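Q: Could you take a close look at one part of this model with me? I'd like to begin with a single spot and then follow the trail from there.

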Amino acid sequence: MKPVNIQANANELYLDCNATTPVLPEIIKAVSHTMETVFGNPSSSHITGLRARYILDTTRQLARKVIGLQSGRLIFTSGATEGIQTAVVSAIYAAMQVEPTERKSCLLYGATEHKAVPQALAHWNQLLGLNAELVAIPVDKDGLLDTQFISEHVKDAAMICTMAVNNETGVVQDLKELEHVIRQHNADVPWMVDCVQVLGKKSLNLDETTIDYAPFSGHKLYGPKGIGFMAVRDSAPYTPLIIGGGQESGQRSGTENLPGIAALNALFELLLDENSTRFQSEATLQSYRSQLVDSLTCAFPSIVFNHDLKRSVPTTLNFSVGGVASRDIMDVFDACQIRVSSGSACSSKVTKSFVLDAMGLEEWRSGSAIRLSFGPATQQSEINEACVRIKQASDALRDSCLIVADTNNDNDFQLDGVVQLKYDDHCCYLVIDRKAKEIAVIDPHPALAGRIENIVNCQGYRVKAVVSTVAESAMSESVELLAPILIPLRSNDEYDVFGWSREIEQCDVVPVKCEGSVSGCISIGERCLFRIGSRNPFYILSESAAFKSRVHSDFLFTGTEVSKQAYECFVSEETLICPGRDPEHHIAYTSCELRGDCGVDDEVNIPIGDTDEFWHREDLLIIDVRERQEHVLSDIPCCAEVINVPLTEVIQFIQTNRHLRGRDIICLCRSGNRSQVVANVLKRHGFNSRHLLGGLALLQSPAA
Ligand code: PLP
């Protein structure tokens, strides 16, 4: 396989600086100079070694100046996670030197700490055998630690861990007040303050505090990954985590990462240089934030900010937009080349933000949260450009009915037939007839209710049914809530527990086979939705009146599982079996999958290094599986035919496009996750499909 030659993307607006930052040119210069010229081992006594040691020693002095630490240890590490481990091991080991009966009984940590903290506490507590109780300190709605709680618990603590600035919200803790409470109730407890997100954003003077351990990280402030440092107060217990050659005066063995340390050196020089214009003043950063807040509020009128901006560093904004999942915003921002991050980390799993949960925010806010973070070196021109693109992103979301506005136009909005919406493992289906402007909703998950409402209102659809397959489930509860909103004149008496109308509409087609099991039918434009069975109902959809003679359904919405009766009566080789839950991304099953007698699947992956055919074969069919709102800026530059089939519309695509089974298909998306899912489902349904590993993120035209 050819190596991937990833090119710089000049168009990219990187606003995810709390995750990591780009490396500044002057820092890159310092790193490469060290690698080329000062490559010696600082422990060697010859001149090459002495030159390396000079960089090590001067960087340590500069670090001390930056964080205000004259006495105490200053140790270079691989990053903050290592600093955290070292602090935790040191404190727990010290706690274990006390007689078992006298030992402190708990380890305290803030409920919104970076996961490295509670995980390290749990791990070392168990491994070293302290077996203290891990206790999370609650935070209030602003994310501030509960000092009353600390005052009650800290006397029993073997260690207390707090943070200076939160990485998800930018909320700044009042360290002076914390210190006062902690020391008033326990003068000696080892206190770690995670200082990763405060460096470069607020001034520090550790000598004036009683903080025992302060871990820092280079890559959060324009340095490379794999370098960090930690401050340790003289009186704090200390146990090295890494033992070996005795580097760092035996406090952290292993040959020093000199290029990384040179990067810190260049960074500290910039921070200390009063004449340098590299880093913006706090006032400028605040004006950037105001500008972004204005443009976000204008673009997304239903936006809420998830933290008190006055209590946060100016470089972090965390917000949610009502009715729009963070994934949808993330995807469209990414398509507009704005990089931000969301609570939802991967393709369809919904991971809520534990930080926002701890602050007691409503569930939807935590599931829809977006973090936009810039850094002290961000320039005014980048903020201006971000505001332009935020507007583009919101226009794209409007055009796709993900947010509703007076200006919604439906030119782009082509939804027709079966649409699959997912929340976690749950599948909800919309059955739409675009011409007739009619829709039915099957199994709406509560988290999707806002989105469905948007689609209905934005398109002016007439809602014919809102139904579930399982009684007493989250879906049936959601039917109860959503149906009266979407069907205004609906009276509850007319509907059963699944939301199905007792006033059964008479369709003029009824299946000849198993006729008795059909308990009703609703027409959605040309399509017919049948309800089968009454206890554990399922629904079948027929595309047309041909249903009667064909005696099978085009789509079967199964809820939990397909009964034998359903299979025998309504499933044919061409039926698409649409599951109620889909943890493994099957999207839709085939009848042979139900029987368990399908053949073995071929490989669908195309390694990104092998994309020659992608650029040169005109006979290919490229399926772009991104959602419509993601098509704002990026076109796919290749010579083959490109069609757009969003993941949500794949089931309908399979049903309508069986004639494309003979074509060579390559699926493509942003990262390669969704395209793999689509290539797999198409393959299982008889198409000749593959997908590009790594997706558009890595694809470059041969000319690039
Ligand atoms: N603490 C906080 C607050 C962070 O934001 C991070 C980085 O995500 C870490 C600790 C871990 O830092 P590192 O990547 O240097 O190990």
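A: Let's start with two rings: phenylalanine 653 and phenylalanine 687 are both buried. Keep in mind that this is a predicted model. The count of aromatic pairs comes to 11. In one of them, phenylalanine 653 and phenylalanine 687 sit 6.0 Å apart centre to centre, with 35° between their planes, and that makes the pair tilted. The two partners come from distant parts of the chain, 34 residues apart: phenylalanine 653 belongs to helix H19 (residues 650-656), while phenylalanine 687 is in the loop between helix H20 (673-684) and strand E27 (688-692). If you like rings, there's also an aromatic cluster made of Phe216, Phe229 and Phe268.

Next, look at glutamine 420, which is part of strand E14 (residues 417-423). Its relative accessible area is 4%, so it counts as buried, the cut-off being under 20%. Beyond its close sequence neighbours, glutamine 420 touches Cys427, Cys428, Tyr429, Ile587, Thr648 and Ile651. With isoleucine 587 there's a polar contact too: a polar atom of the glutamine 420 side chain lies 3.1 Å from the backbone oxygen of isoleucine 587.

Isoleucine 587 also leads us to proline 579, since proline 579 touches Ile587 along with Cys427, Tyr429, Thr558, Gly559, Ala588 and Tyr589, close sequence neighbours aside. You'll find proline 579 in the loop between strand E22 (576-578) and helix H17 (591-595). At 7% relative accessibility, proline 579 counts as buried. For a sense of scale, proline 579 and lysine 155 are 424 residues apart in sequence and 54 Å apart in space, C-alpha to C-alpha.

Now hop over to histidine 307, in the loop between strand E9 (303-305) and strand E10 (316-321). Being in a loop doesn't leave histidine 307 out in the open here: its relative accessibility is 6%, so it counts as buried. Leaving aside neighbours within four places in sequence, histidine 307 is in contact with Thr169, Val171, Ser312, Thr316, Leu317, Asn318 and Met359. With threonine 169 the details are polar: its backbone oxygen lies 2.9 Å from a polar atom of the histidine 307 side chain. Histidine 307 and leucine 361 are 54 residues apart in sequence, and their C-alpha atoms are 9.7 Å apart in space.

On to a helix. Helix H6 covers residues 175-185, and its buried residues are Leu178, Glu179, Val181, Ile182 and Arg183. An α-helix has 3.6 residues a turn, so residues three or four places apart point the same way. The buried residues of H6 pack against helix H5 (147-153), strand E5 (157-163) and strand E6 (191-194). At the N-terminal end of H6, aspartate 174 acts as a cap, with a side-chain oxygen 3.2 Å from the backbone nitrogen of lysine 176.

Then there's the ligand. The residues around it are Gly79, Ala80, Thr81, His114, Met163, Asn167, Asp194, Val196, Gln197, Ser217, His219 and Lys220. Sorted by class, that shell holds 3 nonpolar, 7 polar and 2 charged residues. Alanine 80 takes part through its backbone, with an N or O atom 2.9 Å from a ligand oxygen. Glutamine 197 uses its side chain, where a polar atom lies 2.9 Å from an oxygen of the ligand. Lysine 220 does likewise, with a polar side-chain atom 2.6 Å from a ligand oxygen. On its own the ligand exposes 400 Å², and the protein buries 86% of that.

Finally, have a look at some loop residues. Tyrosine 222 sits in the loop between strand E7 (213-217) and E8. It has a positive phi of about 70° although it isn't a glycine. At 3% relative accessibility, tyrosine 222 counts as buried. Serine 249, in the loop between E8 and H7, isn't a glycine either and has a positive phi of about 55°. Its relative accessible area is 70%, so serine 249 is exposed, the cut-off being over 50%. Glutamine 247 is in the loop between strand E8 (228-232) and helix H7 (258-272), and at 11% relative accessibility it counts as buried. Close sequence neighbours aside, glutamine 247 touches Ser43, Arg252, Ser253, Gly254, Thr255 and Glu256. That stretch of loop gives you a handy contrast: glutamine 247 is buried, whereas serine 249 is exposed.

Note on methods. Residues numbered from 1 in each chain as written. Predicted model: local features only at pLDDT ≥ 70, side-chain atom pairs only at ≥ 80, totals over all residues. Heavy atoms only, no water. Helix = DSSP H or I, 4+ residues; strand = E, 2+ residues; numbered from the N terminus. Buried < 20%, exposed > 50% of the residue type's maximum accessible area, 1.4 Å probe, protein only. Polar contact = N/O pair within 3.5 Å; in protein donor to acceptor, adjacent residues only side chain to side chain. Contact = heavy atoms within 4.5 Å. Near = heavy atom within 4 Å. Areas by Shrake-Rupley, 256 points an atom, 1.4 Å probe, with all protein chains shown as cover. Nonpolar A, V, L, I, M, F, W, Y, C, P; charged D, E, K, R; others polar. Phe/Tyr/Trp six-rings, centres within 6.5 Å; stacked < 30°, edge-to-face > 60°.
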